[in-house]
Amino acid sequence: MWPDEAELKRVHAQLTGLPPLVFAGEARHLTAALSEAADGRAFVLQAGDCAESFTEFSADAIRDKLKVILQMAVVLTYGAGVPVVKLGRIAGQFAKPRSSDTEQVGDQVLDSFRGHMVNDDLPDRDSRVPDPTRLVAAYHQSVSTLNLLRAFTKGGFADLSQIHAWNQEFVASSTEGQRFEDIAEGIDSALRFMAACGINLTAEDTLHQVDFWTIHEALILEYEEALTRRDSLTDQWYDCSAHMLWVGERTRQLDGAHCEFLAGIHNPVGCKVGPTASPDDVIALCERLNPQRAEGRLTLITRLGVDAVDTSLPPLLRAVRDEGHPVVWVCDPMHGNTFTAEGGQKTRRFDDIIGELKGFFRAHREVGTWPGGVHVELTGDDVTECLGGVEDILESQLHQRYTTTCDPRLNGRQSLDLAFGIAELLRG
Ligand code: PEP
Ligand code: CO
């Protein structure tokens, strides 16, 4: 893929000498948190951009994205009645797998855009040439993103009372407000109860700080390998580019390089599971990625589509359960529900997204397994990329604020709307 091999070598050597983004001990803590979700004692929220961008990069954008994720997490915590493990598709989510090597842009056929870690999305031939120095740029942007996330999540921005106040604003201004008032009121009375019991809501660390983890697709193995380090405490290998990594639907071949890489690291790992995966395929993936059957090690992220979920998911749940593989089941209701609108934009219907989630919960109830979490593409910005939701975005409005560098994301209001919807599913 990289035309300049010598430059790639130089960049690889450079990355190998740079500090890790995360510490192996953090990845172990995340595995422990995820093992609770495998057992039905926690719920997982994975959310963020489809592809982070080198150009749309600012403190405000990071803050607004984190804010939405934290708001969703509070609603889900209340709905699930268990801790929510919060992971951002951020600080490393810069590479995109593509179904086709080329794409039609206007009247030209160009090499596909592969994410800012590889090439540029501008519609000209030169911009599409893979440039290894982008790996270093992605590293530095990840470092500064993660630094700000750590500051926000430990420095007071994640205060529970504050997040709840933001949610109350949302409910007050939402046309669906009535429906969500019960949940908001439930959270409110829980907070008042704690205060009445003498818990100082502003001084209590657990109400003031949150654990926030990073996750991205381990697609560009040159980048991931260069940031893989041997942990001095355990002597084991960890990919220190993020706390958790996943293998995508297009690269999850059992004998492929991506599964081999994930099998060799000790971080918690995820694997996307699309509609073509049979129960045997999924069992084989479990054996490949988690032969020790360690709890919290493996998360299966199903992205089956609203039409297939009811028939495809229960057999997978039964097979994995019967084999005794401990996995966290997470629903990605985005990637099986993408289509191209009349105006040419890739989009998704809010109703299909909630529809696949309903199917996911139904399937788990039927089989008796725990619906362990959700995986969504979102932004805090007021974009018009997905159809429907509280503001009922129409196809004719998609062009108004369509800024994603890859797949369509839920905007802030749609994301919260979804979180309240999931809270209802968790409670019902
Ligand atoms: C993604 O998560 O952005 C993605 C490309 O997913 P999948 O591999 O499931 O298609
Ligand atoms: Co995507």
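Asp235 sits in the loop between β6 (228-230) and β7 (237-239), and its phi is near 70°, a positive value in a residue other than glycine. Keep in mind that this is a predicted model. Beyond that loop, the main things to look at here are ligand 1 and the cobalt ion (ligand 2).

**Backbone oddities**
- Asp392 is another spot to check: its phi is positive, about 50°, although Asp392 is not a glycine.
- You'll find Asp392 in the loop between β14 and α12 (412-427).
- For context, most residues other than glycine have a negative phi.

**Around ligand 1**
- Which pocket does ligand 1 take up? Its space is the largest pocket.
- The residues around ligand 1 are Cys50, Arg89, Lys96, Pro97, Trp246, Gly248, Glu249, Arg250, Lys272, Arg303, His335 and Glu377.
- Sorted by class, that shell has 7 charged, 3 nonpolar and 2 polar residues.

**Polar contacts to ligand 1**
- Arg89 puts a polar side-chain atom 2.9 Å from an oxygen atom of ligand 1.
- Lys272 does likewise, with a polar side-chain atom 2.8 Å from a ligand 1 oxygen.
- For His335, the distance from a polar side-chain atom to an oxygen atom of ligand 1 is 3.0 Å.
- How much of ligand 1 does the protein cover? The answer is 98% of the 300 Å² of accessible area that ligand 1 has on its own.

**The cobalt site**
- Which protein atoms hold the donor spots on the cobalt ion (ligand 2)? They are Cys50 (SG), His335 (NE2), Glu377 (OE) and Asp407 (OD), lying 2.1 to 2.4 Å from the ion.
- Along the sequence, those donor residues are spaced C-x284-H-x41-E-x29-D.
- His335 is in the loop between β11 (328-331) and β12 (339-340), while Glu377 is in strand β14 (residues 373-377), so this pair ties together parts that are 42 residues apart in sequence.
- Cys50, His335 and Glu377 turn up among the cobalt donors and also in the list of residues around ligand 1.

Technical notes. Residues numbered from 1 in each chain as written. Chains lettered and ligands numbered in written order. Predicted model: local features only at pLDDT ≥ 70, side-chain atom pairs only at ≥ 80, totals over all residues. Heavy atoms only, no water. Near = heavy atom within 4 Å. Polar contact = N/O pair within 3.5 Å; in protein donor to acceptor, adjacent residues only side chain to side chain. Areas by Shrake-Rupley, 256 points an atom, 1.4 Å probe, with all protein chains shown as cover. 1 Å grid on protein atoms, 1.4 Å probe; cavity = no way out; pocket = protein on both sides within 12 Å on 5 of 7 lines; lining within 4 Å. Sits in = over half its atoms within 2 Å of the grid points. Nonpolar A, V, L, I, M, F, W, Y, C, P; charged D, E, K, R; others polar. Donors = N, O, S within 2.8 Å, 3.2 Å for Na, K, Ca; no water. Helix = DSSP H or I, 4+ residues; strand = E, 2+ residues; numbered from the N terminus.
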